[in-house]
Amino acid sequence: MASLNQMQIIGNVGKAPDLRYLASGDPVCAISVATNEKHKDKQGNSIETTEWHRVVLFGRQAEIAAQYLVAGSQVFIQGRLRSRDYQDKQGETRRIVEVLSDKLVLLGPAKPAQPRVGGDSGRLDKYHQAPAPASAGPFADMADDTPF
């Protein structure tokens, strides 16, 4: 039986991209993308719901995202979902769902930005292992400060 794991998102970047480097020197960038949905409740009141998506980009896509995306930038992302477990700062196991981007399209005007470069890039080598490690992932230290 065939299967398909594909996501397509059009939304707005929530905060500045977080660019990091693997020990090999390859760039990895994490962004949060918000999608909005409007509907009416039973009383006819308009309700807007925002869903946050954690997106991880690799290689040249990561560099482009870090260079041109800022909070509020509109993007199209195509990729696949991946969930993984990690240990938070209190030692509790948490699960996170991410979109691993295969395609990034900037939909608004390009705005050169200063990338936010993270530290401890050696930890990021765990990111390419399969299956995902149960220990802290490459962006586990960001989990507490994400907008979602």
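Start your tour at G25: this glycine has a positive phi near 95 degrees and belongs to the hairpin of β2 and β3, with 5 residues between the strands. Keep in mind as you click around that this is a predicted model.

Now select β2 and β3 together. They run antiparallel and are joined by 4 bridges. For a matching pair, pick R20, which stands opposite V28 in β3.

Follow β3 (residues 27-40) onward to its other hairpin. Which residue takes a positive phi in the hairpin of β3 and β4? Select G44: its phi is near 90 degrees, and this hairpin has 5 residues between the strands. Strand β4 covers residues 46-58, and 13 bridges join it to β3 in an antiparallel arrangement. Try highlighting E37 and T49, since T49 in β4 is what E37 stands opposite.

Next, bring in β1. Its pairing with β3 is antiparallel too, over 2 bridges. Here N12 stands opposite A34 in β3.

Between β1 (7-13) and β2 (18-21) there's a loop, and P17 is in it. Is P17 buried or exposed? Its relative accessible area is just 3%, so P17 counts as buried. Select S32 as well: 15 residues separate it from P17 along the chain, and their C-alpha atoms are 7.9 Å apart.

Finally, color by pLDDT. The chain average is 81, and 74% of the residues score at least 70. Among the elements, β1 has the highest mean, 96, while strand β7 (residues 116-117) has the lowest, 52. Then select residues 119-148, where pLDDT stays under 50 and the model has 72 contacts beyond four places in sequence. Where pLDDT is low, don't read the predicted coordinates in detail.

How values were computed:
Residues numbered from 1 in each chain as written. Predicted model: local features only at pLDDT ≥ 70, side-chain atom pairs only at ≥ 80, totals over all residues. Heavy atoms only, no water. Buried < 20%, exposed > 50% of the residue type's maximum accessible area, 1.4 Å probe, protein only. pLDDT = per-residue confidence, 0-100. Contact = heavy atoms within 4.5 Å. Pairing = 2+ DSSP bridges.
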